[in-house]
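Biologist: Hello! I am new to this structure and would like to learn how to read it. Could you take me through it, feature by feature?

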Protein chains: 2
Amino acid sequence: MSKPLPLLTSPPPERRDAARNREALMEAAVCLVELHGVRGVTMDALAARAGVGKGTVFRRFGSREGLMGALLNHSETEWQAAVMGGPPPLGPGAPPLERLLAFGESRMVLNIKHAELIEAAGNPGARSFAALSFTTMHVRYLLGQLGVEGDLAYLATALVAPLEMIVLREQVDREQIPMDRITAGWTDLVRRVAGG
Amino acid sequence: MSKPLPLLTSPPPERRDAARNREALMEAAVCLVELHGVRGVTMDALAARAGVGKGTVFRRFGSREGLMGALLNHSETEWQAAVMGGPPPLGPGAPPLERLLAFGESRMVLNIKHAELIEAAGNPGARSFAALSFTTMHVRYLLGQLGVEGDLAYLATALVAPLEMIVLREQVDREQIPMDRITAGWTDLVRRVAGG
DNA sequence: GATCGAAACGGACTACAGTCCGCTTCTATT
DNA sequence: AATAGAAGCGGACTGTAGTCCGTTTCGATC
C-alpha cells in the first residue's frame with residue numbers, strides 16, 4: 001500500500017514539541033513586553049524565559065523583526081474582528097461613509113498605540129502580508145460601496161498611507177498637530193476622494 | 001577687554017582636525033556604498049577606511065542611522081535644487097498642476113532609487129527635519145498656487161504619504177503593480193484632491 | 001516495542017552597534 | 001613661545017542579533 005493519499009494535506013502537521021515551544025515563546029514574549037517594554041525583549045531573554053535555546057527562537061520567528069511581527073499580528077487580530085463583525089459604525093450596519101470615517105480614526109488610534117511594536121517589526125514581510133493588506137482591502141470594499149469610480153486599489157492605498165504610523169508620528173510628535181485636526185483632515189480627504 | 005563680542009556667532013567653529021576627519025569619513029562612506037552596497041557599510045569598516053577610530057565615527061554621526069541620514073541628505077540636496085531652480089516642469093515655469101504631477105513622479109523615482117539608504121536611515125530624526133519637510137512644504141505651496149481650499153498642510157501630507165518608500169515598495173515588490181499604473185493612480189488622486 | 005529518517009533543539013560562536021574614558025591635538029591667551 | 005583648558009580622538013569593552021552544527025526528540029513503519 002502507498003501512503004494515505006496526502007492529496008490536499010499541503011503543510012506537514014506541527015510536531016508536538018514544536019507546538020509546545022511555540023506556545024511557551026508567545027506567552028513569554030507577551031509577558032516580557034509587559035514587564036520591560038518592547039526594547040526589553042531581547043532574543044536571549046526570550047529564550048531564557050521560555051526555557052528554550054536561542055536557536056529555537058530563531059527557527060520559530062526568523063529574526064527579531066519576525067518576532068515583533070508575530071506579536072503585532074496577535075494584537076491586530078482582535079481589531080480585525082471588530083471591523084468585520086463588531087458593532088457599528090466600525091462594524092457592519094452603518095452607512096459606508098460613516099463606516100469609512102470610523103475605520104480611519106480607529107486605525108490611527110491603533111497605529112499610535114502599537115507604534116513601538118510596528119517600528120520594531122520593520123517593514124520586511126514581518127507585518128504579515130495578510131495583516132497589512134487587510135486594511136487596504138477593507139477600504140477598497142467601502143469605496144466600492146460608496147460607488148466611487150476609478151482605480152479603487154490605488155485609491156485605497158492612498159487613503160491608508162497617511163494613517164501609517166511613520167506619517168502619524170511625524171505629525172503628532174514633531175509637528176505637534178492635535179489629533180482632532182488630523183482626524184478632520186483625513187475626513188476632508190475622504191470626502192474629496194469619494195467625490196461630493 | 002572682554003571677548004570680541006560673540007553676539008551672533010552661534011556655533012563655535014569646527015576644529016581643523018575635526019573638519020579633516022569629517023571629510024575623510026564622508027568620502028569613505030560614499031566609497032563603501034559603491035563597493036559593497038549599503039549593507040556593507042559597517043561602522044568598523046568605515047572607521048578603518050577613513051583611518052580614524054570608531055569613537056570618531058560615532059561622535060560625528062551619532063549612530064548608524066545618523067550616518068545613513070547624512071548620506072541621504074547629501075544625495076537629496078541635488079534633487080531639491082532641481083525642484084527649486086531646475087528646468088520645468090519640475091522646476092519653476094510650468095503651470096502648477098503640471099509641476100505637481102512632475103514632482104510626484106520624480107519623488108517616486110527618487111524614493112525607489114534610495115530605498116536601501118532610506119530604510120537604513122530609519123525614521124527617527126535621521127532624515128533631517130529640514131529634508132523631510134521640504135517635500136511636504138513644496139506640495140503645500142503648489143496646492144496654494146492651484147487655489148485649493150482647506151487644510152493645505154494636511155492635504156500635502158496626505159498626497160506625499162503614498163509616495164513614501166515604504167508604501168511604494170509594498171506596491172512594486174509585493175503586489176507587482178507596474179510603475180505607470182502607480183503614476184496614473186497618483187495623478188487621479190491629485191485631481192480629486194485639487195477638485196476638478 | 002525496535003528502528004530510522006526527518007524535524008527540531010540548544011548553546012557556543014561570530015559580527016556588528018554603540019559606550020567609555022584616558023590620551024592627544026588644537027586654539028585662545030598672555 | 002609657553003600654557004591651559006577645551007574639543008576631539010581612538011580603540012578596548014559590552015551587549016545583542018543572528019549562524020552553525022552536533023545532539024535529541026518525535027512519530028511513522030514494521
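Modeller: Gladly. Let us start where protein meets DNA: a base oxygen of DNA strand D is 2.9 Å from an N or O atom in the side chain of A:Arg15. Please keep in mind that this is a predicted model.

Biologist: Which atom of DNA strand D does a polar side-chain atom of B:Arg15 lie 2.7 Å from?

Modeller: The partner of B:Arg15 is a base nitrogen of DNA strand D. Compare that with A:Arg64, where a backbone N or O atom lies 2.8 Å from a phosphate oxygen of the strand. When you read such a contact, ask two things: which part of the residue takes part, and which part of the DNA.

Biologist: Which residues come nearest to DNA strand D?

Modeller: There are 22 residues around DNA strand D, and the nearest are A:Lys54, A:Arg64, B:Arg15, B:Asn21 and B:Gly53. On the DNA side, sugar and phosphate make up 58% of the strand D atoms that come within 4 Å of the protein.

Biologist: Which helices supply at least two residues each of the surface near DNA strand D?

Modeller: They are α1 (16-36) and α3 (54-61) of chain A, along with α1 (16-36) and α3 (54-61) of chain B. The most comes from α3(B), which gives five residues. Sorted by class, this surface has twelve charged, six polar and four nonpolar residues.

Biologist: And how many residues are around DNA strand C?

Modeller: DNA strand C has 22 residues around it, and those that come nearest are A:Arg15, A:Asn21, A:Gly53, B:Lys54 and B:Arg64. Of the strand C atoms that come within 4 Å of the protein, 58% belong to sugar and phosphate. Here α3(A) gives the most to the surface, with five residues. By class, the surface near strand C has four nonpolar, six polar and twelve charged residues.

Biologist: Which residues have polar atoms close to a phosphate oxygen of DNA strand C?

Modeller: Let me give you three examples. A:Asp17 has a polar backbone atom 3.4 Å from a phosphate oxygen of strand C. A:Arg59 places a polar side-chain atom 3.3 Å from a phosphate oxygen of this strand. From the other chain, B:Arg20 has a polar side-chain atom 3.4 Å from a phosphate oxygen of strand C.

Biologist: Now the protein chains. How is the size of an interface often given?

Modeller: It is often given as the accessible area that is lost when the parts come together. In this model, chain B and chain A bury about 2900 Å² between them, with 58% of it on carbon and sulfur atoms. B:Tyr154, B:Arg174 and B:Arg192 supply 24% of the area that chain B buries against chain A, more than any other three residues. The contact takes 32 residues from chain B and 32 residues from chain A.

Biologist: How many salt bridges are there between chain B and chain A?

Modeller: There are two between these chains. One can be followed in B:Arg181 and A:Asp151, whose closest N and O atoms are 2.8 Å apart. Polar contacts between the chains come to six residue pairs. On the side of chain B that touches chain A, the elements giving two or more residues are α7 (129-145), α8 (152-160), α9 (165-174) and α10 (179-194) of chain B. The most comes from α10(B), with eight residues. By class, this side has 16 nonpolar, six polar and ten charged residues.

Biologist: How many salt bridges are found over all chains?

Modeller: The search of the whole structure finds 15. One that stays within a chain joins A:Asp44 to A:Lys54, with the closest N and O atoms 3.4 Å apart. This pair links distant parts of the chain, from A:Asp44 in helix α2 (residues 43-50) to A:Lys54 in helix α3, ten residues apart.

Biologist: What about the backbone? Where is the peptide bond cis in chain A?

Modeller: Look at the bond from A:Pro88 to A:Pro89, where omega is near 5°. A:Pro89 lies in the loop between α4 (64-85) and α5 (96-113) of chain A. In chain B, a cis peptide bond joins B:Pro88 and B:Pro89, with omega about 5°. For another backbone feature, turn to A:Gln176: phi is near 60°, a positive value in a residue other than glycine. A:Gln176 is in the loop between α9 (165-174) and α10 (179-194) of chain A.

Biologist: Finally, what pLDDT does chain A average?

Modeller: Chain A averages 89, and 89% of the residues score at least 70. Take care at residues 1-9 of chain A: pLDDT stays under 50 there, and the model has zero contacts beyond four places in sequence for them.

Note on methods:
Residues numbered from 1 in each chain as written. Chains lettered and ligands numbered in written order. Predicted model: local features only at pLDDT ≥ 70, side-chain atom pairs only at ≥ 80, totals over all residues. Heavy atoms only, no water. Contact = heavy atoms within 4.5 Å. Buried area = accessible area lost by both parts, 1.4 Å probe. Salt bridge = Lys/Arg side-chain N within 4 Å of Asp/Glu carboxyl O. Polar contact = N/O pair within 3.5 Å; in protein donor to acceptor, adjacent residues only side chain to side chain. Helix = DSSP H or I, 4+ residues; strand = E, 2+ residues; numbered from the N terminus. Nonpolar A, V, L, I, M, F, W, Y, C, P; charged D, E, K, R; others polar. Near = heavy atom within 4 Å. pLDDT = per-residue confidence, 0-100.
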